[in-house]
Amino acid sequence: MEGVDHLADERNKAEFNVDDMKIIWAGSRHAFDVSNRISRFVATDPVFEKSNRALMTRKELFKNTLKKSVYAWKIIKELRLSDEEGIKLRIFMDQPGFLDLHWGMFVPAIKGQGTEEQQQKWLSLANKMQIIGCYAQTELGHGSNVQGLETTATFDPKTDQFIMHSPTQTSSKWWPGGLGKVSTHAVVYARLITNGKDHGVHGFIVQLRSLDDHSPLPGITIGDIGMKFGNGAYNSMDNGFLMFNQFRIPRDQMLMRLSKVTREGKYIASDVPRQLVYGTMVSVRQTIVSKASDALARAVCIATRYSAVRRQFGSENGGIETQVIDYKTQQNRLFPLLASAYAFRFVGEWLKWLYTDVTQRLEASDFVTLPEAHACTAGLKSMTTSATSDGIEECRKLCGGHGYLWCSGLPELFAVYVPACTYEGDNVVLQLQVARFLMKTVSQLGSGKAPAGTTAYMGRAQHLLQCRSGVQKAEDWLNPSMVLEAFESRALRMAITCAKNLSKFENQEQGFSELLADLVEAAIAHCQLIVVSKFIAKIEGEIEGKGVKKQLKNLCYIYALHLLHKHLGDFLSTNSVTPEQASLASHQLRSLYSQVRPNAVALVDAFDYTDHYLGSVLGRYDGNVYPKLFEEALKDPLNDSVVPDGYHEYIRPLIKQNFPSAKL
Ligand SMILES: CCCCCCCCCC/C=C\CCCCCCC/C=C/C(=O)SCCNC(=O)CCNC(=O)[C@H](O)C(C)(C)COP(=O)(O)OP(=O)(O)OC[C@H]1O[C@@H](n2cnc3c(N)ncnc32)[C@H](O)[C@@H]1OP(=O)(O)O
Ligand SMILES: Cc1cc2nc3c(=O)[nH]c(=O)nc-3n(C[C@H](O)[C@H](O)[C@H](O)COP(=O)(O)OP(=O)(O)OC[C@H]3O[C@@H](n4cnc5c(N)ncnc54)[C@H](O)[C@@H]3O)c2cc1C
């Protein structure tokens, strides 16, 4: 029934004020207002229509993305939107495209690695979009191993130029978004060579295409790398390849904030850590963590609303059947994902703070917190994107057969989201960076240098290695210090075991290679501890709104206890909990599920997502699922005619068995 709220009963059950929770989810009243206004604006503008994109050809989809992106830019200019509003417009437009790389990586790379002069010149063009840029780092042969890149930038003192060259097929740039068809410029990462000496990987601003007719400049071969996973999905993006044949650029197009090449060809390394050349990746990894909560919340919103609409079994005497959300199995799969969406939101807020802090310190030449910022952004990017990808797929299964329909919104969400486990650093490679950081921290314990920040707990190693969990009854698992202690002792004990095993090897690098799998597990345990501790810090702070804190507490403990349950092997093998305490945790978890159940629909309403953004028949706000599934089915081109194309060619001859005789 049109206009009827099929989920009204669910909404009436809520024990908290949804509007107050919306503010907490958004981060502030201002952030909520911006998000709410821009999402409604996008939802009602026909240019941003997206329901038809799965049926578009690649070329149609690409052109449609150009149209939307340029229209979005026009709106940003005409309505003088702020950066915050512009970013929201891009998010709710919900279509990956060249804008992401231009604003998300090209501009930040110039800001972070360009001199004042270079920034003035290039940012004034880029900020007006008079040039369009991308981030060309990855090559056909090397992505994770940045130091293994092969493209060269050789200084020619005769002409005061760098010669950009791709010496092998594997040195071809391969993957950069926006490169394939749109970008006029790129920040290209290449090995700097002066006077025959290789100084490692540096960034260069390179013009790729003519600003008059968009043709590639002589010496440049460029194109799109082809279709990717899924229909629609990330295929709106022109991920590209690029080869240089002795292509020349002026010397002042090397990004020279961190190190310089003089007119004479002298290389001057500055005294800042060389890893600052990776700074753009660190900044994007930080934003990816907040985006993980967005994507997971979207999937959870669809699965929760549909689970409240869907009924199976349990009817007595022809009465009403059971809502599938009432099955404990459904709750055990769904509610930890709901809790994870909130957990990632809050850890994302904290990571933004950490990133802002380290950026300010770097400006004052204070590099002390750089290793921690790298470990946190890398580890949390890895952990949250892996959990979100798995979570979206779980939400699809939670919606049964209908979850597999394109119009559920879940297949496309998964296809667009899952490469986040790979881009900006493969998730395993990133956890190994965390593991290196942890091993270093452990090796310094007892040296007088107290671990700080997210590793401060390691400073209490003596206690954490000996303590036994004090949990005696199920409710003890609602005690923040008991939960934290279990996670801290698990993380510390896993890290120390790795360090002990490493020390048995004469060659540390060889030992590291042997123990990779254990090291990744230890790194994940550390990252999970960070997320749990930031969620606990959130619920222990001031939270306004009727009933809101209670809901967040429930979600926080669901998040922690489901992790405990999922990684029970770690907790038991490190003696961080006993089997009896683990079973008390399961008991507590079931009780928390019952408390969340009446609030579940309201908790996903708090995300404030429009039906346009959700793009899902199953997740509609009004829950009017079945008639809309029919409407969607009837829109399919196969239903344009009653008798399909191909009937006379194939079906009829088959049925009548009158096809021409086969010849072998
Ligand atoms: C008004 C606007 C309107 C328009 C609005 C539009 C707005 C759009 C906004 C969109 C926002 C965001 C955009 C998101 C879009 C995402 C799209 C996705 C695009 C994807 C892009 C990419 O994938 S780019 C390529 C990414 N590549 C990688 O991530 C490569 C991964 N590999 C590495 O990072 C390194 O090679 C690795 C770290 C693995 C190893 O490096 P290496 O140099 O070999 O180092 P090691 O020897 O291992 O370590 C040496 C020491 O260095 C330390 N270290 C390493 N990395 C860092 C670092 N980054 N920072 C600090 N320190 C680092 C390491 O820990 C070692 O330390 P030690 O003390 O010596 O042990
Ligand atoms: C959709 C998408 C968009 C992208 N956009 C851009 C872009 O705009 N610009 C850009 O420059 N790049 C971009 N990339 C490239 C991306 O950054 C790389 O694909 C990514 O860094 C992973 O590198 P790789 O492909 O070399 O993987 P590989 O490193 O080859 O990984 C293959 C396997 O090897 C494992 N592995 C690798 N090294 C180790 C190790 N040391 N120890 C243990 N296991 C290891 C990995 O875990 C993985 O299982 C994009 C990629 C995708 C998918």
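Q: What does it take for a residue to be near a molecule?
A: A residue is near a molecule if its C-beta atom, placed from the backbone, lies within 6 Å of it. In this predicted model, 35 residues surround ligand 1, and the closest are Gly86, Gly104, Tyr278, His374 and Gly425. Local features need pLDDT of at least 70 and side-chain atom pairs pLDDT 80 or more, while totals for chains, interfaces and linings use all residues. Residues are numbered from 1 along each chain as its sequence is written, and chains are lettered from A and ligands numbered from 1 in the order in which they are written.

Q: Which element gives the most to the shell around ligand 1?
A: Helices (H or I, at least four residues) and strands (E, at least two) are DSSP runs, numbered from the N terminus. Here H12 gives the most, with 5 residues. H5 (83–93), H6 (98–113), H8 (279–309) and H10 (370–398) also supply at least two residues each.

Q: Which residues come nearest to ligand 2?
A: Gln137, Thr138, Gly143, Ser144 and Trp175, of 22 residues around ligand 2. Strand S1 (133–136) and H12 each give two or more residues to this shell, and the largest share, 3 residues, comes from H12.

Q: Is Glu424 buried or exposed?
A: A residue is buried if 20 or more other C-beta atoms lie within 10 Å of its own, exposed if 12 or fewer, and partly exposed in between, with C-beta atoms placed from the backbone. Glu424 counts as buried because it has 24 C-beta neighbours inside 10 Å. Glu424 is found in the loop between H11 (410–417) and H12 (427–443).
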